[in-house]
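Please look through the structure shown here, first along the chain and then at the places where its parts meet. The paragraphs after it offer a guided reading for someone who has not seen it before.

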Amino acid sequence: MAFSFRGRSIKKVGVIGSGQIGPDIALHFVKALHSFDVSVVVVDIALDALEKGKSKLFKKIDKGGQTGAFKPDEVDGMKNHIIFTSDYNELKGADLVVEAATEDLPLKKRIFNQVESLVSQDAILTSNSSHLEPERIFDELKFKGRSLCTHYFFPAERNPAIEIIPGKGTASETTEFTMRFYEKIGKIPIKVGSRYGYAVDPVFEGLLLACVQCVDTGLGDTKQVDYVASKALGLTVGPFTAHNLTGGNPITAHGLSEMHERLNTWFRVPDCLKELVESKSNWVVPGRGEKIEVSPEKEQQIADELMGAYFAIVCDMLDANIITTSDFDLLISVALDMKPPFSFMNSIGMNKAMELVENFAKKYPSMPVSKKLREQAASGKPWEILDVLFEKKGDIGVITIRRPKSLNALNSKVFKELTNYCDIVRNDPEIKAVVVTGFGAKAFVAGADIKEMAGLTEPTQGERFARIGQIASAELEKLGKPVVAALNGFALGGGCELAMCCTARVALKGLKFFAGQPEVNLGLIPGMGGTQRLPRITGFERASEMIRTAKPISSSQALQFGLIDEEVEGDVLERAIELAQDIVSGRVTLKRMEMGPVPNSPDKLPDVDIGHLSRAIDALAVRAILEGGKMTLEDGLKNEAHLFGQCWTTEDNRIGLKNFVEKGAKSKAEFVHR
Ligand code: CAA
């Protein structure tokens with residue numbers, strides 16, 4: 001067996017380096033791939049590093065087994081698929097090799113020269129560098145097209161962020177495959193242009209320097225600055241603490257010195273950092289739970305200076321054109337778990353952001369004031385940060401909903417962005433069809449955004465929310481061009497409803513928990529057309545059971561019930577694009593949904609056991625289904641939205657939504673049937 005995806009087959013992955021990060025990278029691969037019988041080989045010439053790396057990795061696997069994160073067969077499966085060796089020959093036959101051994105450029109080159117002689121010419125070679133441009137690392141390779149940088153973040157097995165940095169010589173197929181492959185194995189890959197330090201490290205390392213400057217200019221000591229930084233920038237721990245925890249001082253010192261040469265002269269290695277690296281000591285930071293006193297005036301000064309530095313650094317990268325605002329926000333919030341910079345600037349206002357950067361640049365004139373920031377501030381508009389992405393692949397427009405932290409849940413912002421893309425597609429004669437998909441390996445869309453709905457208090461607000469969702473999703477139905485839903489994971493609630501607006505639906509094969517209308521768990525009924533389109537697609541009996549019991553169905557049941565057109569092995573997006581092309585060319589024709597009243601629609605639904613679920617909400621769901629069957633789809637939708645709003649007249653609506661927000665999806669709400 002092997003992991004097959006987009007025409008490539010991965011049977012063996014090599015990780016070079018058993019130091020700080022190599023074993024964690026290996027753990028992520030073995031976790032994601034052992035069930036496909038893929039073996040992971042960790043190579044290091046230092047035997048003690050191998051021993052330490054192996055013991056660290058096995059301890060993590062065992063701990064996962066003890067906490068229940070891994071089942072016993074997974075624990076064994078992972079251990080049986082990983083080897084630690086000092087013999088480079090074990091890399092023979094590897095289809096992907098990640099080097100995570102060194103930041104020493106000549107050594108990296110030597111390693112890759114050796115690796116190239118061991119693997120086939122199309123094996124992908126990546127370097128987990130945190131700074132070095134791929135052009136410099138891979139310039140001596142015979143086959144450069146298969147090489148690129150992949151920058152993981154601490155802890156690499158759990159932190160989903162990864163920067164993907166193609167070089168000038170990287171083939172577009174390699175970049176595309178690597179992006180989709182990492183997404184498929186649960187990472188959040190973000191493509192970044194080739195520049196020293198990529199996107200994240202100038203932020204991580206630059207903020208340490210900005211903190212040192214605050215200390216050097218007498219705004220506070222390291223404890224105070226660390227404390228204010230974590231508060232002002234929304235960090236779990238301040239930059240000094242983060243450097244202590246990750247052992248990052250030497251690499252930051254090296255990075256800052258190179259950035260001085262390669263980015264701008266504001267970056268530099270402060271003397272105190274040099275001393276710390278030489279003496280191998282740590283920063284003095286707040287102890288766990290220690291109360292740090294800072295006067296409000298000093299706190300404001302430190303916060304303003306750090307924000308100025310933060311915004312200046314990220315905007316400079318926009319000028320360098322290596323990343324977009326939307327990608328950068330997502331990357332920073334996931335990789336460093338801090339306030340995403342562009343949303344942060346929007347929240348304080350562009351004029352304020354500009355003022356902070358200008359003040360910072362006045363104090364440190366070697367920091368440039370970004371041209372793009374000036375233009376944005378002058379425009380009077382906030383930064384554009386998109387949760388829905390759009391890309392043209394030939395004559396197919398691909399819409400991707402990307403909110404990985406909420407499993408791509410649909411909120412008002414997503415509805416607006418979807419509507420905008422529908423306008424673009426409608427007005428672009430080159431685009432013949434559309435594919436809609438969700439970002440990541442887990443979810444197409446896990447429903448309408450429950451956290452947004454939990455903030456609503458009035459039936460009219462509920463009705464309005466439903467109408468906005470219905471109108472935005474119906475844009476796909478009325479587009480006049482075929483739309484194929486590429487269902488890469490959960491299609492729940494609003495996600496299933498959005499998919500039903502598409503001309504065709506294909507889903508990943510073998511999903512046990514795939515689609516459903518779980519709204520009644522939340523003291524809600526479906527509000528984006530579920531009570532109208534599901535009966536029209538699957539028949540009233542199945543639809544009513546799914547809606548009234550909230551029970552999800554598998555992808556194979558969805559196929560059997562006619563909810564999807566195909567189950568797909570491999571890349572569901574690729575298949576959806578093919579199907580869209582087949583529909584455009586007339587090679588495939590599909591049945592259209594009944595838009596009028598449903599012939600012979602029932603007056604009564606079969607009894608179902610709704611268990612602990614709310615009888616008050618069930619009554620509204622039954623009304624929406626039965627009344628809608630006798631109406632046109634358009635009228636049925638309006639009626640559904642009205643009844644969705646009526647959920648807010650019940651106590652069970654408050655109980656259900658509060659239960660999700662406070663206790664999560666697994667907790668059962670205690671409904672009172674009123
Ligand atoms: N809205 C907002 N956030 C959501 C969400 C949603 N629909 N679904 C999942 N999330 C969030 C979770 O709250 C969680 O966030 P935190 O990490 O901040 O806690 C994150 O996504 C990951 O979710 P889980 O930890 O629950 O992941 P899991 O793998 O254990 O479970 C799941 C996945 C089965 C999809 C579960 O999240 C779930 O049941 N979600 C709710 C699905 C649902 O009820 N959808 C219907 C929404 S109502 C609707 O759509 C109304 C309408 O018709 C208009």
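What follows takes up the domains, then one interface between them, and then the surroundings of the ligand.

The model is a predicted one, and its protein chain is assigned three stretches, namely domain 1 (3-191), domain 2 (201-379) and domain 3 (388-663). Between the centres of domain 1 and domain 2, taken over C-alpha atoms, there are 30 Å, and the contact of these two domains draws on 16 residues from domain 1 and 15 residues from domain 2.

The size of an interface is often given as the accessible area lost when the parts come together. For domain 1 and domain 2 this buried area is about 1200 Å², with 64% of it on carbon and sulfur atoms. Zero salt bridges are found across the interface of domain 1 and domain 2, whereas three residue pairs there are in polar contact. On the side of domain 1 that touches domain 2, β9 (161-166) and β10 (188-191) each contribute at least two residues, and β10 gives the most, with three residues. Sorted by class, that side of domain 1 comprises six nonpolar, five polar and five charged residues.

Turning to the ligand, one finds 27 residues around it, of which the closest are Lys-442, Ala-448, Gly-494, Glu-497 and Lys-666. A polar backbone atom of Ala-448 is 2.8 Å from an oxygen atom of the ligand, and a backbone N or O atom of Gly-494 likewise lies 2.8 Å from a ligand oxygen atom. With Lys-451 the approach is made through the side chain, a polar atom of which lies 3.0 Å from an oxygen atom of the ligand.

How values were computed. Residues are numbered from 1 along each chain as its sequence is written. This is a predicted model: local features need pLDDT of at least 70, side-chain atom pairs count only at pLDDT 80 or more; totals for chains, interfaces and linings use all residues. Side-chain values use heavy atoms; hydrogens and water are left out. Domain bounds come from an automatic or database domain assignment. Contact means heavy atoms within 4.5 Å. Buried area is the accessible area (1.4 Å probe) that two parts lose on being put together, summed over both. A salt bridge is a side-chain nitrogen of Lys or Arg within 4 Å of a carboxyl oxygen of Asp or Glu. A polar contact is a pair of N or O atoms within 3.5 Å; within protein, one must be able to donate a hydrogen and the other to accept it, and residues adjacent in sequence count only if both atoms are side-chain atoms. Helices (H or I, at least four residues) and strands (E, at least two) are DSSP runs, numbered from the N terminus. Ala, Val, Leu, Ile, Met, Phe, Trp, Tyr, Cys and Pro count as nonpolar, Asp, Glu, Lys and Arg as charged, and the others, Gly among them, as polar. A residue is near a molecule or strand if one of its heavy atoms lies within 4 Å of it.
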